[in-house]
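Got the viewer open and a selection tool handy? Let's take a walk through this one, a stop at a time.

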Amino acid sequence: MRFLAGVRVPQINGKRFNSSSMFVPAHEPAHESDCRRLEKFLEDKPHILVLTGAGISTESGIPDYRSEGVGLYARSNHKPIQHGDFVKSEATRKRYWARNYVGWPKFSSIAPNVTHYTLARLEREGRISGIVTQNVDRLHGKAGSKQVIELHGSGFDVICIGSQDERGKGCNYRIDRHEFQHILDQLNPAMEDNSTSMRPDGDVELSMEYVQGFKIPPCPQCGGNLKPEIVFFGDNVPMPRIEKVVRMIIESDGVLVLGSSLTVFSGYRIILQAKELGLPVAIVNIGATRGDPKADLKISARCGEVMANLFKPAR
């Protein structure tokens, strides 16, 4: 894989970052002019809101759903879990938690990459006003970003959603996912990990024999069902979160999209709202996105390669 001419592979905290992840789709190298154009976009507008998608975390080893050739949809016939199925079906909850339990140690230990670290630096330098991420991996927080809204929630928290009869409404119980893992350890001492796969939300593929005997605890406060604080497909982003995002858009000078196809409407809506306000939009993503016709600047390249070379002296 080639890099920008004359620019070395970036190093952060002694780690080298490149595009070796098997989940990064085929792409052309970024051009020096692309980085300069994005720099100009950021320099002219100091309060840029950044929207990030799964395409920035593929370089850390987390697959996305839709990337051509390497996304989960391209590699399997797997469909992501639906919110309604999780709420209504005990078998679905058991299958999800068994797979998530096995995948959690690897998923939770994945480290940020150069894009995450660069965004944290740009925030410290006052070049961006905040981040709205569609990802549930909490890599922005690990990298040091402070102003982050997790649009689709996070896999690092577990909440109560009540019982099936309560239609997904639970009490206020919440537990850290690491702590919840210890509880699952105690309930499932014979559970072994024989899976090497990884999915976008941190679960893995398991045989039914592993799933059938898996035990999950009820909510200790109300006896309801427990769920990761992730907005599953078919569910809605909580209104207070949407309202906070809208305020961030209104207070921004423009929007920068990194690593999102904008297929999911909750992300695409941000672009529509920005354009309604007359705000400029820049997009960096491998391949086409739903928002390309509305973009003032589009760069089809790997996010890590572009972001690593922003605001650095020419070589």
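## Stop 1: a helix pair

Start by selecting Ile 242, Val 245, Val 246 and Ile 249 in H9, then add Arg 269, Ile 270, Gln 273 and Ala 274 in H10: these two groups meet each other. Sorted by class, the contact of H9 with H10 comes out as 6 nonpolar residues, 1 polar and 1 charged. Before going on, keep in mind that this is a predicted model.

Now show the two helices whole, H9 as residues 239-250 and H10 as residues 265-276. How do the axes of H9 and H10 sit relative to one another? They come within 10 Å and cross at roughly 40°. That angle is why H9 counts as oblique to H10. Turn the view to look through the pair, and you'll find that H9 passes H10 in a right-handed crossing.

## Stop 2: the six-stranded sheet

Next, bring up the open sheet of 6 strands, ordered E5-E4-E3-E9-E10-E11 and paired in parallel. Its edges are strand E5 (148-150) and strand E11 (297-299), each of which pairs on one side only. From one strand to the next, the twist averages 15°.

Zoom in on strand E3 (residues 48-52) and strand E9 (residues 254-258): they run parallel and are joined by 5 bridges. For a landmark, pick Val 50, which stands opposite Leu 256 in E9.

Which helices should you switch on here? Helix H10, from the previous stop, packs on this sheet and touches E3, E4, E9 and E10. The direction of H10 makes about 155° with that of E9. Helix H1 (residues 32-44) packs on the sheet as well, touching E3, strand E4 (128-133), E9, strand E10 (281-284) and E11. Compare H1 with E11 and you get about 145° between their directions.

## Stop 3: the three-stranded sheet

Hide all that and select the other open sheet, made of 3 strands in the order E7-E6-E8 with antiparallel pairing. Strand E7 (174-176) and strand E8 (225-230) are its edge strands, each pairing on one side only. Ignoring direction, neighbouring strands here are turned by 30° against each other on average.

Strand E6 (residues 153-162) and E8 run antiparallel, with 5 bridges joining them. Label Cys 160, which stands opposite Leu 226 in E8.

Two helices belong in this view. H4 packs on the sheet by touching E6 and E8, and its direction makes about 45° with that of E8. H7 also packs on the sheet, touching E6, E7 and E8, with its direction at about 90° to that of E7.

## Stop 4: H4 against H7

Keep those helices on screen. At what angle do helix H4 (residues 90-109) and helix H7 (residues 177-187) pack? The angle is about 130°, and their axes are 11 Å apart. With that angle, H4 is therefore oblique to H7. As for handedness, H4 passes H7 in a left-handed crossing.

To see the contact itself, show side chains for Trp 97, Asn 100, Tyr 101, Trp 104, Pro 105 and Ser 108 of H4. Opposite them, show Arg 177, His 178, Phe 180, Gln 181, Leu 184 and Asp 185 of H7. Colour by class, and the contact of H4 with H7 gives you 6 nonpolar, 4 polar and 2 charged residues.

## Stop 5: an aromatic pair

The structure holds 10 aromatic pairs, and one to finish on is Phe 86 with Tyr 96. Are these rings stacked or edge-to-face? They are edge-to-face, at 5.8 Å centre to centre with 80° between the planes. Phe 86 is in helix H3 (residues 83-88) and Tyr 96 is in helix H4, so-called distant parts of the chain, 10 residues apart, that the pair links.

Methods
Residues numbered from 1 in each chain as written. Predicted model: local features only at pLDDT ≥ 70, side-chain atom pairs only at ≥ 80, totals over all residues. Heavy atoms only, no water. Pairing = 2+ DSSP bridges. Helix = DSSP H or I, 4+ residues; strand = E, 2+ residues; numbered from the N terminus. Axes fitted to C-alpha atoms, helices over the stretch in contact; angles between N-to-C directions. Contact = heavy atoms within 4.5 Å. Parallel < 35°, antiparallel > 145°, perpendicular 65-115°, else oblique. Left-handed = near helix turned anticlockwise from the far one by under 90°. Nonpolar A, V, L, I, M, F, W, Y, C, P; charged D, E, K, R; others polar. Phe/Tyr/Trp six-rings, centres within 6.5 Å; stacked < 30°, edge-to-face > 60°.
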